[in-house]
Amino acid sequence: MLLCLTFHSYGQSSSARNKSVSNKMDKNWQPLFNGKDLSGWKQLNGKAKYAVRGQEIIGTTVPNEPNSFLVTEKEYGDFILELELKADTTMNSGIQFRSLSKADYQKGRVHGYQVEVDPSARQWSGGIYDESRRGWLYTLEVNPKAKSAFKNGDWNTYRIECIGNVIRTWVNGVATAHLVDAETSKGFIALQVHSINKPEEAGKEIQWRNIRIQTSNLKPAPLDDIYVVNTIPNDLSAQEKKNGVKLLFDGKTTQGWRGAYKASFPSKGWIVNDGVLTVQKSDGSEGGRGGDIVTEKAYGAFILKFDFKLTEGANSGVKYFVTEKEKGASAIGLEYQLLDDAKHPDAKLGKNNNRTLASLYDLIPSDRNPRARKPIGEWNQGVIIVYPNNKVVYLLNGFKMLEFERGSAVYLKLVAGSKYKDWENFGMADKGRILLQDHGDTVFFRSIKVQEL
């Protein structure tokens, strides 16, 4: 990972850091905490305890209270924020930014972007959560190398860059998240003390110090190579372009796609409108009106990202390593299942839920974590990662759904017990096309992107 060139204060003592703010190289930094009292801050929502002790802000959990927030009286749009924190190893917390509290939104509940403080075994510190709004935006399942950046029970330096629609975070100099999102452009910064579930969790502390901000002459850190979550439809950010990400759907045309087993794109069954590629409703049967569509190019190792939105009772899928050597209503390939689990009967077929949403269809069931699934009618982001060593990972909205290894003994045994048992070398092609399935139900796609590995 590339470290930010302005991390000059790392490794210095507290006093040295405080003095360095006035140095010429730090002339753009402004302190958000004066080290003496809570001037410039106010508390919202819960009644956790906030106090100043030894040039630190101390947040302490209290029972029977919702999440508490110590928020800046001033709002910030574009900025670079740095601070240090140390949390009890059993706590969950976060740093709010570009956040809001409005009387007409859940009675003033604080909502907006939050950088996670997560000492748990999950290790998502530095990820980005949308508090009381959309939920997780950037989990560290998409950037697992950064999970070890946070030091449990010790001081950690956090850095947040918000410049335009680009939000980037670091923990102890390690790039942890890169989000491109346009939901909120300005809001307050806040220090969270999370609600607790048990009385014995009362009295846990989180400490903050050396809180400083830049709001002018902003110089973003150099681009690196970490995974980007981009929620702007059909958009490629500068970091994505550097990473080699390419759009498979430009939001306007069907360029780069054709019908499976066909020379051209289907004349019916699929439409492009308002930046969305839609497979249209027919009779719900495999093959639908227009049939499956495939990429003109074949892919080996890759990261495939796609936004999808299901209608009630819908069935579809995204397949890969499709060779079109077999003939049938639907081309054969490994499949990321897209399904309304509650309304479509296919969810109850197969074995052990291996035909449910985000499963490796008819082979491996997806993780059942309900937080990973957004309601029918909302956009979801699916991700398929195929590594050069044949390891495959499925993600849904940033949550890891499953992983397997093509060609392993476990994989071959699963295939032998599936509907694919009679297909020779099923799923084992070196390269294949990516396929969007027409199963006769209305399903929407956008932001279809691939990065070859």
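This dialogue walks through how to read several features of one predicted protein model.

Colleague: What should I know about the model and its numbering before I begin?

Modeller: The model is predicted, so local features need pLDDT of at least 70 and side-chain atom pairs count only at pLDDT 80 or more, while totals for chains, interfaces and linings use all residues. Residues are numbered from 1 along each chain as its sequence is written, and side-chain values use heavy atoms, with hydrogens and water left out.

Colleague: How many helices and strands are there in the protein?

Modeller: Helices (H or I, at least four residues) and strands (E, at least two) are DSSP runs, numbered from the N terminus. Here the protein has three helices and 29 strands. Its radius of gyration, taken over C-alpha atoms, is 24 Å, close to the 22 Å from the globule rule (2.2 Å times the number of residues to the power 0.38), so the protein is as compact as a globular protein of 453 residues.

Colleague: What percentage of the residues in the protein is buried?

Modeller: Buried means under 20% relative accessible area, exposed means over 50%, and partly exposed lies in between, using a 1.4 Å probe and protein chains only. By that reading, 56% of the 453 residues are buried.

Colleague: Which residues touch the most other members of the largest nonpolar core?

Modeller: A nonpolar core is a set of buried Ala, Val, Leu, Ile, Met, Phe, Trp, Tyr and Cys residues joined through side-chain atoms within 4.5 Å. In the largest one, which has 53 residues, they are Y320, I384 and F445. Strand 22 (residues 302-310) gives the largest share of this core, five residues, and apart from it lies another core of 51 residues, including I57, L83, I167 and Y227.

Colleague: Where is W124 found, and is it buried or exposed?

Modeller: W124 sits in the loop between strand 8 (111-117) and strand 9 (128-131), and is buried, with a relative accessible area of 4%. Contact means heavy atoms within 4.5 Å; leaving aside neighbours within four places in sequence, the residues in contact with W124 include W136, L140 and F399.

Colleague: Which sign of phi do most residues have?

Modeller: Most residues other than glycine have a negative phi. Q106, although not a glycine, has a positive phi of about 50°; Q106 belongs to the loop between strand 7 (93-100) and strand 8 and is partly exposed at 44% relative accessibility. F321, also not a glycine, has a positive phi of about 55°, but F321 lies in strand 23 (residues 315-322) and is buried, at 4% relative accessible area.
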